[in-house]
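I set out to record how the helices of this chain pack against one another. The entries were made with the sequence and the structure side by side.

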Amino acid sequence: MNEYQIGYLAGLVDGEGTITFCKSRGTFFPSISIGVIDKSVIDNLHSWLGFGHIYITDLPSGKSIYRIYWRKQIEVMKVLNLIMPHLIIKQEQAKQVLSWVQSRKVGIYKGDPLSEWELSLCNLVRELNGGI
């Protein structure tokens with residue numbers, strides 16, 4: 001990705017995205033997502049990065065929301081390392097999530113219990129996101 005694309009991605013995450021922890025099957029995992037109604041935005045991000053999962057949600061109005069998610073630790077780490085210097089609003093969430101990801105062995109955390117420190121980071125990021 002070039003610097004303009006990285007800045008664009010950072011702006012989308014800051015304005016339309018979420019950096020958080022999700023919970024599934026009793027464990028937390030990091031997640032970055034962006035949702036927009038313009039499919040080309042999501043297609044471009046996926047093309048530029050070469051990874052991410054795309055989901056479509058149909059609204060009652062007939063429009064659709066296109067979302068891209070990064071939930072694998074290695075993907076979250078790559079995205080955050082790219083956009084960190086450009087974030088303004090969600091920089092603190094990014095710092096906390098990146099700290100958590102860097103503290104774990106990538107790909108080997110499934111099912112491992114969280115330490116008190118890790119759980120406190122999850123709660124802090126949720127608070128920074130307004131409790132979600």
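The entries below take the helix pairs in turn.

**Entry 1: the model.** I note at the outset that this is a predicted model.

**Entry 2: helix α1 alone.** I checked the length of α1, which covers residues 3–16. At 1.5 Å a residue, its 14 residues should span 20 Å, and the end C-alpha atoms lie 19 Å apart, which agrees. I then looked up which residues of α1 are buried, and found Q5, I6, L9, A10, L12, V13 and D14. I recall that an α-helix has 3.6 residues a turn, so residues three or four places apart point the same way. The buried residues of α1 pack against the strands β1 (17–24), β2 (27–36) and β4 (64–70), and against the helices α2 and α3 (73–83).

**Entry 3: α1 with α2.** I next asked at what angle the axes of α1 and α2 cross. The axes of α1 and α2 (residues 39–49) come within 11 Å and cross at roughly 130°. That angle falls in none of the parallel, antiparallel or perpendicular ranges, so α1 is oblique to α2. The crossing is left-handed. From α1 the contact is made by Q5, Y8, L9 and L12, and from α2 by V41, L45, W48 and L49. By class I list seven nonpolar residues, one polar residue and no charged residues in this contact. Q5, L9 and L12 of α1 appear both in this contact and in the list of buried residues.

**Entry 4: α3 with α4.** I found that the axes of α3 and α4 come within 10 Å and cross at roughly 135°. That makes α3 oblique to α4. α3 passes α4 in a left-handed crossing. Q73, V76, M77, L80 and N81 of α3 make the contact with A94, V97, L98, V101 and Q102 of α4. The classes are seven nonpolar, three polar and no charged residues.

**Entry 5: α4 with α5.** Which way do α4 and α5 run relative to each other? The axes of α4 (residues 91–103) and α5 (residues 116–128) come within 9 Å and cross at roughly 160°. Angles over 145 degrees count as roughly antiparallel, and α4 and α5 are therefore roughly antiparallel to each other. Their crossing is left-handed. In α4 I noted E92, Q93, Q96, V97, S99, W100 and S103, which meet W117, E118, L121, C122, L124, V125 and L128 in α5. By class this contact has eight nonpolar, four polar and two charged residues. V97 of α4 is listed in the contact with α5 and also in the contact with α3.

Definitions and conventions
Residues numbered from 1 in each chain as written. Predicted model: local features only at pLDDT ≥ 70, side-chain atom pairs only at ≥ 80, totals over all residues. Heavy atoms only, no water. Axes fitted to C-alpha atoms, helices over the stretch in contact; angles between N-to-C directions. Helix = DSSP H or I, 4+ residues; strand = E, 2+ residues; numbered from the N terminus. Parallel < 35°, antiparallel > 145°, perpendicular 65-115°, else oblique. Left-handed = near helix turned anticlockwise from the far one by under 90°. Contact = heavy atoms within 4.5 Å. Nonpolar A, V, L, I, M, F, W, Y, C, P; charged D, E, K, R; others polar. Expected span 1.5 Å × (residues − 1). Buried < 20%, exposed > 50% of the residue type's maximum accessible area, 1.4 Å probe, protein only.
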